Amino acid sequence: VDAFEDFALDLQYRFDHVAPYSALPAIKHAFALGISTKDNSSTYMDGLARMHISCCMDNGWCGAMHRNYDRRGSDHLCKIVRMRLGLIPPDVRVRQPSRYDRNVTARIMDPEKGGRQYLVPTARVDALWGR
């Protein structure tokens, strides 16, 4: 479970296509959800999204960490975000279905756009086990 959808999509990609996860004999699902006391609700998490995106862009507290990973050819959690921003060439990961339009990543980082843009569905922890 991750409230930031691109991280959940990355995890699902790994479950489906990257050893050793893909070879595990289990049903594996990644969920892009916020944990809440309310099930079937949603909340805006623009601040969370902005924090993750800025880190993946090599800004803020992460420094140039992900750029260095890309130079080495390493796979990492920020690949989808970096693909959406055009920092690295896209691959099949960005073709996974998303609840957001394709420009939301760039809009969240644009101070001129402002406002609420990153609406995340929520679920109770106990309700997740039934999904």
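**Salt bridges and a pocket**

Reader: What makes Asp 75 partly exposed?

Author: This is a predicted model, and in it Asp 75 has a relative accessible area of 37%. Buried would need under 20% and exposed over 50%, so at 37% Asp 75 counts as partly exposed.

Reader: And why is Arg 93 called buried?

Author: Its relative accessible area is just 7%. The cut-off for buried is under 20%, so Arg 93 makes it.

Reader: How do you know that Arg 93 forms a salt bridge with Asp 75?

Author: Look at the closest N and O atoms of the pair: they are 2.8 Å apart. The limit is 4 Å, so the pair qualifies. This one links distant parts of the chain, with Arg 93 in the loop between α4 and α5, Asp 75 in the loop between α3 and α4, and the two positions 18 residues apart.

Reader: What about Arg 93 and Asp 91?

Author: Their side chains meet as well, at 2.9 Å from N to O. That is within 4 Å, so it's a salt bridge too. Asp 91 is partly exposed, at 25%.

Reader: What separates Asp 10 and Arg 14 in helix α1?

Author: About one helical turn, because they sit four residues apart in that helix. Their side chains form a salt bridge at 2.6 Å, N to O, and both residues are buried.

Reader: Which residues are linked with Arg 93 in a network of salt bridges?

Author: Asp 10, Arg 14, Asp 75 and Asp 91. The whole structure has 14 salt bridges.

Conventions: Residues numbered from 1 in each chain as written. Predicted model: local features only at pLDDT ≥ 70, side-chain atom pairs only at ≥ 80, totals over all residues. Heavy atoms only, no water. Buried < 20%, exposed > 50% of the residue type's maximum accessible area, 1.4 Å probe, protein only.
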